[in-house]
Amino acid sequence: MLWVENTICWPVARQILSELKSPPNRIVLNGQNIEYQVLEQAVRSCKCPVRREFLRREAVLMRQLEIEAFGRSDLVIQCSDRDVQEAGKLVPSVRGWVFPNGVLS
């Protein structure tokens, strides 16, 4: 099994997968959030035009990365039902699972 701790780590996972002689039987991605949407929120609140354009481009690249990572993973863990649903909009075949963050008492 290959565990990918965050979507941002996907390029490293892609490299590892390309170098393995035999692929892992499962790939689990701890997506945590829909990162391109987090970046889009930052775009909307950013006052600096140069930084806003940078963030907009990063959001586009992150969306592409999430589509690739979700599509290649056997299981994608997210922090909320909403994020699992959003992952399914990006990749309809995604198998998502909610593991809420926070502390239980």
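Let me begin with the pairing of strand 1 and strand 2, which lie parallel and share three bridges; strands and helices here are DSSP runs, E of at least two residues for strands and H or I of at least four for helices, numbered from the N terminus, and two strands pair if DSSP finds at least two bridges between them. I should say early that this is a predicted model, in which local features need pLDDT of at least 70 and side-chain atom pairs count only at pLDDT 80 or more, while totals for chains, interfaces and linings use all residues. Residues are numbered from 1 along each chain as its sequence is written, and side-chain values use heavy atoms, with hydrogens and water left out.

Within that pairing, Trp3 stands opposite Val28 in strand 2. Strand 2 is also joined to strand 3, residues 75-78, by four bridges, again in the parallel sense, and there Leu29 stands opposite Val76. Five of the six residues of strand 2 are buried, so this strand is largely enclosed by the rest of the structure, where buried means under 20% relative accessible area with a 1.4 Å probe and protein chains only.

Turning to the core, the largest nonpolar one has 23 residues, and those touching the most other members are Leu2, Val4, Trp10, Ile27, Leu29, Phe70 and Val94; such a core is a set of buried Ala, Val, Leu, Ile, Met, Phe, Trp, Tyr and Cys residues joined through side-chain atoms within 4.5 Å. Helix 3 supplies the largest share of this core, six residues. As for Val4, beyond its neighbours within four places in sequence, its contacts (heavy atoms within 4.5 Å) include Trp10, Ile27 and Leu29.

Technical notes: Buried < 20%, exposed > 50% of the residue type's maximum accessible area, 1.4 Å probe, protein only.
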